[in-house]
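Visitor: Please place the structure before us, and let us then discuss it by question and answer.

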Amino acid sequence: MSKNLRVQTSKFIDETTNISFKFNGKTYYGFKGDTLASALLSNDVHLVGRSFKYHRPRGIMTAGSEEPNAIVQTNNNTALTEPNVRATEIEIYEGLEASSQNCWPSVKFDIGGINNFLSPLLPAGFYYKTFMWPANFWEKYEYVIRHSAGLGKSPKEPDPDIYDHRYIHCDVLVIGAGITGIMAAKTAAKNNLKTLLLDEKTELGGTTIYQDSDHIKINNQSSSAWLENEITELKKLNNLEIKTRTSVAAYHGYNYLLARENLTDHLSNNDKQNKIRQRLLKIRAKKVIVATGSLERPMVFNNNDRPGIMLSSAVKKYADYYGVATGQKNIFFTNNDTAYESAISINNKGIKVEAIVDIRENPNSEFTKEAENLGIKIYRNHTVVDTHGYKKLNNISIMELSKDGQSFANSNIITLDCDCLGMAGGWTPAVHLFTQSGGKLKFRDEDQVFIPNKYPSDQVSVGSCNGDFELDEIINNTSKSLKEFLNINKTDFDNLDVQCPKDKEIRNIWLLPSNKVLGKTKPFVDYQNDATAKDIKLALREGFKSIEHVKRYTTTGMGTDQGKLGNMHALGIIADTAGIKVGELGTTTFRPPYTPLTFGTMVGRNVGEYFDAFRRTPMNDWHIENKAEFENVGQWKRAWYYPQNNETMHDAVQRESKAARDSAGILDASTLGKIDIQGTDASEFLNRVYTNAWSKLAIGKCRYGLMLNEDGMVYDDGVTTRLEENHYIMTTTTGGAANVLGKLEDYLQTEWPELDVYLSSVTDHYATASVCGPNSKKILNKIIPDLDLSDENFPHMSFKNAKIDNIKCRVMRISFTGEHSYEINVQANFGKSLWEKCMDAGQEFKITPYGTETMHLLRAEKGFIIVGQDTDGTMTPIDLQMDWIVSKKKYDFIGKRSLYRSDTMKEDRKQLVGLITDNPSEVLEEGAQIVANTNPTPVEMLGHVTSSYYSPNLNKSIALAVVRGGKNMMGRKLIIAMENKNINVTIVDPVFFDKENVRLNA
Amino acid sequence: MFLISCPYCGVREQSEFKAGGEAHIERPKQPTELSDGEWAEYLFMRKNIKGIQLERWNHAHGCRKWFNAVRDTTNDEIKAIYKMGEKPPTI
Ligand SMILES: [Zn+2]
């Protein structure tokens, strides 16, 4: 059994509740309230993972979401397993299983560790260089790289957990519930503002809540006791909502923020059942108070990454909050007073502190004095030059610094034994969310920090994220900021007596000197990505200047932790090397999310059938009952074909296509867009939006129209019917309906407001059955016996109002198949009964329901285009050989002028043609490229196949295609170049079937 | 996701709206009188301003009305909203 390093009881840990969990297959115990990290440390487990590139042994470095090393895979279940979970964030629960990532076969014996010895071969930009040269280099390395790269394993099955979304509107959002966040939330809520307080941790109170220094006091109380009281008061306030375990992921413009609330990740597997796991909060806040605190900086020196080396603040938190000693022989390494605070605190708990190595020349505050009084040896003006111990820190070597801090005063090396080294490199304000929102930073030279400068929205940063690091200035400045920001006269915190005798002196050296040449050292800047100071300097030598380029080349800051610890050092080292100030260099962009988000949280409930809305026609149930296969057209579910007796799609479509021409077919055309157009200027309006003339269309007549964009390219098409003098019904393509309506509204409202025209979408109001074929007339006669269907009374391209059993319907005699056919429109509710009526009436004629695939085939036989299939936004009506539909007489219509641009008039534009194959049974692939010959390289591409079918009515393969200059190439032999063969084709007229349109009136 | 104040409906989320590009580009009344160059100017050329831009918006998933907005493209701040046909306010 491993050692128990629990040193004292803590009110944050429930020591009465033992929790067992597994790490790398071994069972350990911790207490309720422990994170995986604190529980492992209490069991003396420091080695938790391997680094990304060199596979170096790595330990727990922090106690928060900034953790770069201790990232684990949780859960062995193939659906629930989750990679890249920070051991410092996950709370242990009964049944937790976690394992190290990035190592094989085990964390203690890792084959990839050999990369550590190969590291001279893995410089900055290694991957880029491998991609570039020589070409076959990549192929050789790919296998090895793919196996050793990647962080963790993704789940292999759909996530069974439940996720949720919630919208929240509030007056004030406070991000972070440390001492400033508590002050802010209390002040806002007490001033009658609806307030939301979020914190990523389990407990409120930030670092102050476990502060136990005798030197730091508020109103003569310990700061933690004072804050505890404030929190109690805070929780009594009415208009305040508090959410813990909630991390703000993104801060967008207009104070729109996304946060992830963790609801069950800390519960045992049993208690998790059937509960919402995580919830995405979509927050609109009138005002935002950012109180995100700051992150302690590590120090950059040779071998600064061994297990046992951690942040001084983490050493303190593990002792003070979790009651866990992170080492038995501790040393701190610092450039400011923070480490003394930590050292004194853990020393008072009986945890041995051997020494403090301080790079400052002569630190001399109350804290230094107390440390010395406690018998802690202080090495002033010294730096750590190396560390030893492979899987756990054994000792460190230190040397005295020169005056300028860039080299050494002498060559003496002192070796100090220790198993834990707490680094205190100063503080970096957590300005990530502030900059995400568009905020601009300024650099403060005195202590080398970026702090908020210009706020892009109604927000303010308070506390250490705003560059106030000591308690007295934090409280005074926060209280002042709150009054200004909330426009109030006083807060509860105006006259507090705050004692904080810390010395603010800091000596900043971004890259500490070494007694070895840089090339022989490993001073890590980005732990997770194994980027060292050496890599950054190499990038600069290779000519990279922009910080964004150096970041990508060295991968600094590009891990799952986004370099929260080392980014400032990277900037500092670049600035020092280039001889400029950090402030002039600027920072890299911080992008959402602040901490990784699960996909589940992002999609919430919008999974499976709820992923997107879908639309079904009133006849949908009939299609399902009759075993239709469906295809998605926009959001519509359209019947695609109706297979009978295990037919293949091909066989079904051949049968349906033949039946429609031999006797009768019926299509559900309800999805076509329908726009109701009314007003005294309706005819003039249609004149302007379609290419052909509309003024003379008689009432009761239908006309096909082609709509262009202003650039002259075909946009949509459809049949429009004049119902009354000032009333039309326009049909559009299924997919184009919404856009056509939008475009027409645009012209009406912005270009032609003088026109008296009103548009209304009625697509969903009508159900449409299209009955076609030589027997369609007989079928219609059975359904509507009163209607005179003679060609004289009801010719092709005309319309009649009628009634079926007292139900009003509109009947259009129009055709998209080339057959004699009728479109019957009824109010949507009657759609299914209309359909069934047609089926009953058509039974004696073997009426065959057909789907979209057959519709496509039948219209292709007639050479009718489908906008979006045979056109792609680069085809004019002339290109489509549809010159007949472009009015020469009309002065103007949308797109007209573009048809006379030099480019659109070129003879060698791609033009729509028909293709037949030399071998009539060979069906071309849609999208296949067309060439004239296959010899020279590169071969000139003349065009491509847009529609292709085997026609059962012609007994041969037919295709539509667009071919450069195709209009003048009738009869030309061309080649379809396929991967394994060439197919010989001939250009023909695109109308394959019934060129004389005899069947329309048959 | 910003908030837009439709002059007919009030403040709504951006997802209800459709952007319509630069405002005050009037469709020529007599396109056939224009040279290719003049027509191309109307058809293709846009200022794509970094800074204060006058632009068209449509409350597509609301009242379907078009209107104009004055937006700072550097930070998405909408300085003013005005109806179609109205003169842009001076900012
Ligand atoms: Zn509106």
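The following exchange concerns a predicted model.

Visitor: Which residues have the most contacts inside the largest nonpolar core?
Guide: The largest nonpolar core of this predicted model has 112 residues. Its largest share, seven residues, comes from helix α5 (residues 179-190) of chain A. The residues with the most contacts inside the core are A:L36 and A:I396.

Visitor: With which residues is A:L36 in contact, its neighbours within four places in sequence left aside?
Guide: A:L36 is one of the two residues named for the most contacts inside the largest nonpolar core. With its neighbours within four places in sequence left aside, A:L36 is in contact with A:F21, A:V72, A:A87, A:I90, A:I92, A:L96 and A:A98.

Visitor: How many residues does the second, separate core have?
Guide: This core is separate from the one just described, and among its members are A:Y642, A:A767, A:F794 and A:V811. Its number of residues is 31.

Visitor: Which strands stand at the edges of the open sheet with the order β2-β1-β7-β5-β6 in chain A?
Guide: This open sheet of five strands has mixed pairing. An edge strand has a single partner, so one of its sides is left without a neighbour in the sheet. In chain A that description applies to β2 (26-32) and β6 (82-86).

Visitor: Which residue of β7(A) stands opposite A:F23?
Guide: Strand β1 (residues 14-23) and strand β7 (residues 97-100) of chain A run parallel and are joined by two bridges. Opposite A:F23, in β7(A), stands A:A98.

Visitor: Which strands are at the edges of the antiparallel open sheet that contains β35 and β38 of chain A?
Guide: The order of its five strands is β36-β37-β38-β35-β39 (chain A). From one strand to the next, the twist averages 25°. The strands that pair on one side only are β36 and β39 of chain A.

Visitor: What is the bridge partner of A:D676 in β38(A)?
Guide: The strands β35(A) and β38(A) pair in the antiparallel sense, over six bridges. Within β38(A), the partner of A:D676 is A:I729.

Visitor: How many of the eight residues of helix α20 of chain A are buried?
Guide: Helix α20 (residues 682-689) of chain A is mostly covered. Its buried residues pack against β35 (673-678), β36 (702-708), β37 (714-724), β38 (727-732), α21 (737-751) and β39 (758-761) of chain A. They are A:A682, A:S683, A:F685, A:L686, A:N687, A:R688 and A:V689. The number of buried residues is seven.

Visitor: Why is strand β43 of chain A described as largely enclosed by the rest of the structure?
Guide: Strand β40 (residues 766-772) of chain A is joined to β43(A) by seven antiparallel bridges, and A:Y766 stands opposite A:Q827. Strand β42 (residues 807-813) of chain A also pairs with β43(A) in the antiparallel sense, over four bridges, and A:V811 stands opposite A:I824. Strand β43 (residues 821-827) is described as largely enclosed because, of its seven residues, the number buried is six.

Visitor: Is A:D711 buried, partly exposed or exposed?
Guide: A:D711 is placed in the loop between β36 and β37 of chain A. A polar atom of its side chain lies 3.0 Å from the backbone nitrogen of A:M713. The limits are under 20% relative accessible area for buried and over 50% for exposed. At 24% relative accessibility, A:D711 therefore counts as partly exposed.

Visitor: Which residue of chain B is in contact with A:D711?
Guide: The C-alpha atom of A:D711 is separated by 5.5 Å from that of A:G895, 184 residues apart along the chain. With neighbours within four places in sequence left aside, the contacts of A:D711 are A:S898, A:T904 and, from chain B, B:L43.

Visitor: Which residues of chain A lose the most area to chain B?
Guide: In the interface, 30 residues of chain A are in contact with 28 residues of chain B. The two chains bury about 2,400 Å² between them, 45% of it on carbon and sulfur atoms. Together, 30% of what the chain A side buries comes from A:Y254, A:Y891 and A:R897.

Visitor: Which backbone nitrogen does the side chain of B:E22 reach at 2.7 Å?
Guide: B:E22 lies in strand β3 (residues 18-22) of chain B. With 15% relative accessibility, B:E22 counts as buried. Its contacts include B:R46, B:N48 and B:L54. The backbone nitrogen reached at 2.7 Å is that of B:K47.

Key:
Residues numbered from 1 in each chain as written. Chains lettered and ligands numbered in written order. Predicted model: local features only at pLDDT ≥ 70, side-chain atom pairs only at ≥ 80, totals over all residues. Heavy atoms only, no water. Core = buried A, V, L, I, M, F, W, Y, C linked by side-chain atoms within 4.5 Å. Buried < 20%, exposed > 50% of the residue type's maximum accessible area, 1.4 Å probe, protein only. Contact = heavy atoms within 4.5 Å. Pairing = 2+ DSSP bridges. Polar contact = N/O pair within 3.5 Å; in protein donor to acceptor, adjacent residues only side chain to side chain. Buried area = accessible area lost by both parts, 1.4 Å probe. Axes fitted to C-alpha atoms, helices over the stretch in contact; angles between N-to-C directions.
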